[in-house]
Amino acid sequence: MASDDEEVPVVQILSKQNFYSQALVPLPHLTLSRLPALGPRSLRVRTRVLSITANNFTYARFGDLFGWWGVHPLPAGTPAPYDDAAAYGRINCWGYARVLRSTLPAVPDGSFVWGYLPLGTLALDLEFADAAAAASSGPEPRLLVATNAYRRPLMPIYNRYLVFRAGTPAAAALEAEIERRDPGVAYDSIARCMHLTAYLMALVVFSPAPAPAPSPPPPPANPAGFDLASATVVSFAPASKVGLSFAWVLRRDAPASVGRPRALVAAASEHSAAFARATGLYDRVVVLGGPDDGPAGPAALLGVGPPDSVVLCDFGGRRGASGRWAAGFAAAGCASVRLVAVGGELPDEASLSAPPAPAEAKEPPPPPPPPFEVVRVNADDMLTEAVRRLGEDGYAAVVGGSWAKLRREGLPGFRVTWGEGMEDVRKGWDRFGRGEVQADEGLAFRI
Ligand SMILES: NC(=O)c1ccc[n+]([C@@H]2O[C@H](COP(=O)([O-])OP(=O)(O)OC[C@H]3O[C@@H](n4cnc5c(N)ncnc54)[C@H](OP(=O)(O)O)[C@@H]3O)[C@@H](O)[C@H]2O)c1
């Protein structure tokens, strides 16, 4: 096995048009020994643990819109044809990276970071202007915010890294977990960001809004203060990691500010309904397109009507089911119908290579009539708002505490499949693209 210095890095490169099509590209000119000296206050890290879920494909799908292709650009010297940044790109993942070199005195080589990482073994240099934060006393892991100039336009959530400093008990425990491929490490990679999103929904979107702060910053775009008390909550893609995490938070660890729903309903595809049911996290599971999802409509099915509130959380359900159901609840005269959009359905591969639809077909549909309200949420806005309300320490305590609890308990019936090395990552990406990864299976990789 090559030493760290001579290991030939391998990166995954995707076709931007058809992100199910990938290549593993070795970059022999970018071994550690050939890289320029590391800049000041920086960590040179290499991804060690990553996961593949629908979220990775979503980054590719909307990469141009949200700048996700730009986080880990094609390196100089990438061989043709993959050097064409209009056609090809690298996408991102959540997981752990090992610190190979450090110019941050408080963070020695051999430390680990958790956060937003490149999918491959090529080293990444992260700069941290606030070197004092790394050296300060405080619990491990500690939060450091990357400040490389090219990363400044990114949503702040992508620059936040949890650092486990070598020599501390937390780093030693983590390293041992990675060595033995502990399920907890897989959970950190597969579901920590999803739990974060779900917990923030509870904390920000479904908690009463506090009085506005007397001075800036103003609250971000996310709504606040939807009361779940007595509402019927319907989850689409309820067996996704973010959907499961949301159900788990409501059931097992809801912030005190969150009202108790009348019912938590899973509206799942035929692929995921059995697993959603087996988790025991839902009061009821409806198979979309199945006998229950018939012409009588969702309001009759769930026994809700004019005095009732319905909150639909769409974590990426298929075939526009959440919009159809929301329209059904509105037509039944429900007092309020709120559709909270978190994720989106993944297109199948054939549709990605189809010619673009004619312009008129792209016209957005007319806005739905009241009481039907659509709200799009994202983790970054919610995180900013949670930190504004609770402060960094308060935020870290509640969200970190809840994550530790979920990690300990696990998601009922969910199992982890570990892969080893980039070739397994390639196979996992292909399996997911072919629809072979069922909702009860989480793909984690050690590379
Ligand atoms: N807004 C935010 O800040 C935020 C944060 C985190 C995640 N997200 C988004 O939430 C969504 C779920 O992410 P995740 O990582 O939790 O995903 P995941 O666990 O891999 O989700 C799998 C679920 O997605 C549904 N799905 C729809 N089309 C699919 C397809 N072609 N192949 C496989 N599953 C498909 C399935 O539910 P059914 O079988 O029931 O259809 C499946 O159970 C993604 O769109 C992600 O980007 C958004």
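These are my notebook entries on the ligand shell, some strands and two backbone details of a predicted model.

**Entry 1, ground rules.** I number residues from 1 along each chain as its sequence is written. In this predicted model, local features need pLDDT of at least 70, side-chain atom pairs count only at pLDDT 80 or more, and totals for chains, interfaces and linings use all residues, while side-chain values use heavy atoms, with hydrogens and water left out.

**Entry 2, the ligand.** I looked up which residues stand around the ligand, taking a residue as near if one of its heavy atoms lies within 4 Å. There are 27 of them, and Thr53, Asn55, Ser269, Ser272 and Ala379 come nearest. I then checked polar contacts, which are pairs of N or O atoms within 3.5 Å. A backbone N or O atom of Ala54 is 2.8 Å from a ligand oxygen atom. Thr58 places a polar side-chain atom 3.2 Å from an oxygen atom of the ligand. At Val377, a backbone N or O atom lies 3.0 Å from a nitrogen atom of the ligand. The ligand taken alone exposes 930 Å², of which the protein buries 90%; these areas come from the Shrake-Rupley method with a 1.4 Å probe.

**Entry 3, what the shell is made of.** I sorted the shell residues into 13 nonpolar, 11 polar and three charged. In this sorting Ala, Val, Leu, Ile, Met, Phe, Trp, Tyr, Cys and Pro are nonpolar, Asp, Glu, Lys and Arg are charged, and the others, Gly among them, are polar. Helices (H or I, at least four residues) and strands (E, at least two) are DSSP runs, numbered from the N terminus. At least two shell residues come from each of α1 (54-61), α5 (183-205), α6 (241-252) and β14 (336-343). The most come from α1, with three residues. Domain 1 (10-176) and domain 2 (182-210 + 220-346 + 367-408) each give at least three residues to the shell; the bounds come from an automatic or database domain assignment.

**Entry 4, strands.** Two strands pair if DSSP finds at least two bridges between them. I found an open sheet of three strands in the order β2-β1-β4, with antiparallel pairing. Because β2 (22-26) and β4 (88-89) stand at the edges with a single partner strand each, one side of each has no neighbour in the sheet. Five bridges pair β1 (residues 10-15) with β2, and Val11 has Val25 as its bridge partner in β2. Elsewhere, β11 (residues 263-268) and β12 (residues 284-287) run parallel, joined by four bridges. Ala266 is bridged to Val285 in β12.

**Entry 5, backbone details.** I noted a cis peptide bond between Ala80 and Pro81, with omega about 0 degrees. Pro81 sits in the loop between α2 (63-66) and β4. Ser230 has a positive phi, near 65 degrees, though it is not glycine. Its place is the loop between α5 and β10 (232-236). Most residues other than glycine have a negative phi, and most peptide bonds are trans.

Conventions
A polar contact is a pair of N or O atoms within 3.5 Å; within protein, one must be able to donate a hydrogen and the other to accept it, and residues adjacent in sequence count only if both atoms are side-chain atoms.
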